[in-house]
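This briefing walks through a protein model, moving from its strands to its ligand. Please keep the sequence and the structure in view while you read.

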Amino acid sequence: MLENSMLYPRNSKTRRTVSLDGMWKIKFDPDSEGREKRWQDGLKDADLIPVPASFADFYTDKDIREYTGDFWYETDVFVPEEWKGNKVFVRFGCATHRAVVFVNGKEITSHEGGFLPLLADITENTRFNEFNRVSVLVNNELTVTNIPCGETRVLKNGKKMSKPYFDFYNYSGLQRPVKLVMVPEEYVFDFTVDHKLFGSDAEVSYSVVTTGKHPVEVRVLDEEGREVALSSGREGKLVIKNVRPWEVLDSYLYTFAVRILDGSRIIDEYTEEIGIRTVEVVHDSILINQKPVYLKGFGKHEDSDIVGRGFNIGMMKRDFECMKWTGANSFRTSHYPYSEEIYQMADREGFLVIDEVAAVGMFESLMNFMEASTGKKTAFFEKETTPQLLENHLKAIEEMITRDKNHACVIAWSLLNEPETTDKAAVPYFEKVFAKAHELDVQKRPRTFALVMNSLPGTCSCYQFADIISLNRYYGWYMMGGYEISDAEEAFRREMDEWKELGLDRPFLFTEYGADTSAMEHKLPSVMWSQEYQMEYLKMCHRVFDSYSFIKGEQVWNFADFQTTEGIMRVNGNKKGIFTRQRQPKDAAWYFRERWKSLPRDYKK
Ligand code: CKX
């Protein structure tokens, strides 16, 4: 039985989508009594809240902002008469971190994991030509058996509180677009492509999964709408003569139209814009279309004022404009798969994306950035709960790869961020995670994970799994900051020399390096937190990067200041942004613009 198609909802000759974004009812359920008291039959005394958005930052009451536990959303959805005989879904871009969906009071489905889609098949319980009540019971508690990892504490006053093992605010709710979707009974369930380039031509291997038996055809149209290839069958090869490949910062997207046919009648049509490109790691180079590329860019967050982690189309546009202005060509979706609309935009802009699953916080310390620099050993993957965590992690990898596999922008999978790797207990865990990604991705994209500071050449037991070695390093910030920066540079070089000696013949990336910087603070001579120190720090890091030929990219932490849990390490959030949270440049943004605009695409080829 095929359930939970991950294809992005689109209109076509046979499909309809209606946006359900807008004001929904919301009600908090601190005693988890809603289900028993049948809140699914209609929320009483509910508040109204925008969807998509995180709920937290709308409120002025701290108890609501910090709310941890169950909460309910509800809206009424009109399903037209003409849709009878078809399948009807409600599709949530995400529900963070887990949810149960009800329609007209009946439980339909549930989903674990807050950063990938949830598809509820409401066909059987829909009243056509009427309004239908859609209720969602969401829960935002953090645990060590789900990703991202953390704890939920109960305070003495009985209120629950999130204790993330990670450094971003535990925003939650219906944070991405919600759509009502109609597809025919027999529909295109999944579609996968893989590309090869031969001289000026391309060969695209494809496979289609449908829910029926009728024949399938796939047509490819260029940007002018001209048909350039056609093939019949559920699996096949499409040859595109004189192909225009998708290129770094120079995108070209073909439209793939997948049809299920009954003679000349179109039973279903699904279309997707796809860039044709290849990705490979050869020795210590990353090749796009067989040509080396040096990654320049950012670790990012989905994070902005008021809406928190809510998808914000205006912010997305601004972020791409700012990134292009700096000369960047890439970003990592730290620390979770982003809203699908962002990958569509990256495809359109020719950006390279390292797609990261929400496997963050696998280092048992609430302040892992402090502990990570002490060299202290802890064994995260040795708990009784590890098998359950692994199961959830593998499921999230599967959903992410199924959702994002056709995006040209996605050039690598990041399977964990800063896990604890100094204990051998991590090895069998990594084996399974890396094997799963390889098995699922037909394009066999490179796999990586971001190594925390104590995962060093002599201490890390897992770097061998990575096709690209990604380092998160903070020499000159968490270690030897300020006037000690000269020692920091020396220590940094010592580590890089050790990696060099290993002769791994693989590309290295810096997926994080950065210094917290107040946009208000100027100081001559510099002190830590001033804009001047951020520049000194960055220049030091770049001197190190420029000295090693196997370093094939730099993604600074972070694109913009972002919200975190409050505490002594953070002044209303993490301030390592090159831009402020309002997306205005700090001095460092101008410096990056100068550096990145002058580095050639194949720097250090
Ligand atoms: N890396 C030592 C993970 C990010 C944090 C970043 C930071 C850490 C550093 C780990 O999520 O924000 O502390 O700025």
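Strand 6 and strand 7 form a hairpin with 2 residues between them, and Asn104, which sits in the turn, has a positive phi of about 50°. Helices (H or I, at least four residues) and strands (E, at least two) are DSSP runs numbered from the N terminus, and two strands are said to pair if DSSP finds at least two bridges between them. This is a predicted model, in which local features need pLDDT of at least 70 and side-chain atom pairs count only at pLDDT 80 or more, while totals for chains, interfaces and linings use all residues. Residues are numbered from 1 along each chain as its sequence is written, and side-chain values use heavy atoms, with hydrogens and water left out.

**Antiparallel strands**

- In the hairpin, strand 6 (residues 98–103) pairs with strand 7 (residues 106–112) in the antiparallel sense over 6 bridges, and Val101 has Thr109 of strand 7 as its bridge partner.
- Strands 20, 21 and 22 make an open sheet in the order 20-21-22, with antiparallel pairing, and its edge strands, each pairing on one side only, are strand 20 (279–282) and strand 22 (291–292).
- Strand 21 (residues 285–288) is joined to strand 22 by 2 bridges in the antiparallel sense, and the bridge partner of Leu287 in strand 22 is Pro292.

**The barrel**

- In the order 23-24-25-26-27-28-29-30, 8 strands close into a barrel with parallel pairing.
- Within the barrel, strand 28 (residues 469–472) and strand 29 (residues 508–512) run parallel and are joined by 4 bridges, and Ile469 has Phe508 in strand 29 as its bridge partner.
- Helix 7 (residues 485–502) lies across strand 27 (447–451), strand 28, strand 29 and strand 30 (551–557), and runs at about 140° to strand 29; such angles run from 0 to 180 degrees between N-to-C directions, with axes fitted to C-alpha atoms, for helices over the stretch in contact, where contact means heavy atoms within 4.5 Å.

**The ligand**

- The ligand is surrounded by 14 residues, of which the closest are Asp167, His335, Tyr478, Glu512 and Lys576; a residue is near a molecule if one of its heavy atoms lies within 4 Å of it.
- A polar side-chain atom of Glu418 lies 2.7 Å from a nitrogen atom of the ligand, while polar side-chain atoms of Arg570 and Asn574 lie 3.0 Å and 2.8 Å from an oxygen atom of the ligand.
- The shell around the ligand divides into 6 nonpolar, 3 polar and 5 charged residues, where Asp, Glu, Lys and Arg count as charged, Ala, Val, Leu, Ile, Met, Phe, Trp, Tyr, Cys and Pro as nonpolar, and the others, Gly among them, as polar.

Conventions:
Polar contact = N/O pair within 3.5 Å; in protein donor to acceptor, adjacent residues only side chain to side chain.
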